[in-house]
Amino acid sequence: MVISLRLPAGGYDITVERGCLQKAGALFNLNRRVLVVTDSGVPAAYAETVAAQCQTPVVVCIPQGEESKTVAWWEHLCRKMLENGFDRTDCVVAVGGGVVGDLSGFAAAAYMRGIDFYNIPTTVLSQVDSSIGGKVAVDLGSIKNIVGAFHQPKGVLVDPDVLDTLPARQIANGLAEAVKMALTFDADLFALFETVNPLDHIEEIIIRSLQCKKAVVEEDEREGGVRRVLNFGHTVGHAIESTTGLSTFYHGECVALGMLPMCSDAVRARLLPVLKKLNLPTDYAGNAAALMQAAAHDKKYSGNTVTVVTVSTVGSYALEKWTPAQLTARMEAYYG
């Protein structure tokens, strides 16, 4: 299936097809110098398959994990391109999860003021969400995604076959983002999570999640309005991530925890069984004051308020401006 994302400056196709990793050379323009970026947690065969379809590949493997999403590794990628004579006609291909996509996309955005970027997501989280939309970034210290850019890919390949090598926890981690999409935009998709085994419907979940995000990005490419809804669960989730570190929770697990305080009681009553079904966390013994301190660095803060997303009815949302006191009170009420 091909999902076409259209933007004023062009757009790109998102190919969702089992085995499409083998077609990268036919679907992307790889007849040039190509920086293929992957990480140590991704089977090496995936990047090798892509590199074999490139005219002049340069493969870089970064260490697995959020700890690699730094200015230092971004500089390493830029230096690799410089050392290998990359110019404005060359490109970068990410073969990995959200960290690889964010890091390599930001390198592509900055090198020579922007070169072509392609994304081949290999995790559920990146396949349902982060691989499209053009938000690329690195972390600075413990603050996530604080240095970055908008740089849309030229094309995206989503091959569900690559998910076969993922551990169960990583699959659940990614499905948290699909649950986020369902709660805010697609009540029928949320009902699917409630009534069936999501693992038996993974392709449908990927496609429907991508269709939700595509519609949002087409309406609001640079997060001036409705795209902020995609941050549902992330204001609190990023704060949990910053204060606990990824040795405790994965990103999607933090988003799962971050959604719970931002729901109505009726929605939370439906959400909790879904999160438990997916083996996602539902309890957090954190300190609300520490979370608020971390949340104060959130990019959604403006003046004395932060824009938060709340869900009172499944399939809908509200954007609200809260004071720090309001957000702290909501976190204290849920986390204790």
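These are my notes from a look through this predicted model.

**Strands first.** I started with E3 (residues 33–39) and E4 (residues 56–62). The two strands run parallel, and I found seven bridges joining E3 to E4. I then picked out one pair: Val37 has Val60 in E4 as its bridge partner. To get from E3 to E4, the chain goes through helix H2 (residues 44–51), and this β-α-β crossover is right-handed.

**Cysteines next.** How many disulfides are there? I got a count of zero. I wanted to know why, so I went through the sulfurs. For Cys54, the closest cysteine sulfur is in Cys91, and at 6.8 Å that is too far for a bond, given that a disulfide needs the two sulfurs within 2.5 Å. For Cys78, the closest cysteine sulfur is again in Cys91, but here the distance is 15 Å, so a bond is ruled out as well.

I also checked whether these side chains sit in the open. Cys54 counts as buried because its relative accessibility is 10%. Cys78 has a relative accessible area of 14%, so I put it down as buried too.

**Surface last.** Which residues form a nonpolar patch on the surface? I noted Val71, Leu140 and Ile146, which together have about 220 Å² of accessible area. I followed up on Val71, which lies in helix H3 (residues 71–83). Is Val71 buried or exposed? Neither label fits: its relative accessibility is 34%, so Val71 goes down as partly exposed.

Key. Residues numbered from 1 in each chain as written. Predicted model: local features only at pLDDT ≥ 70, side-chain atom pairs only at ≥ 80, totals over all residues. Heavy atoms only, no water. Patch = residues over 30% accessible without salt bridge, like charges linked within 9 Å, V, L, I, M, F, W, Y side chains within 5 Å. Areas by Shrake-Rupley, 256 points an atom, 1.4 Å probe, with all protein chains shown as cover. Salt bridge = Lys/Arg side-chain N within 4 Å of Asp/Glu carboxyl O. Helix = DSSP H or I, 4+ residues; strand = E, 2+ residues; numbered from the N terminus. Buried < 20%, exposed > 50% of the residue type's maximum accessible area, 1.4 Å probe, protein only. Pairing = 2+ DSSP bridges. Right-handed = clockwise from strand over helix to strand, strands pointing away.
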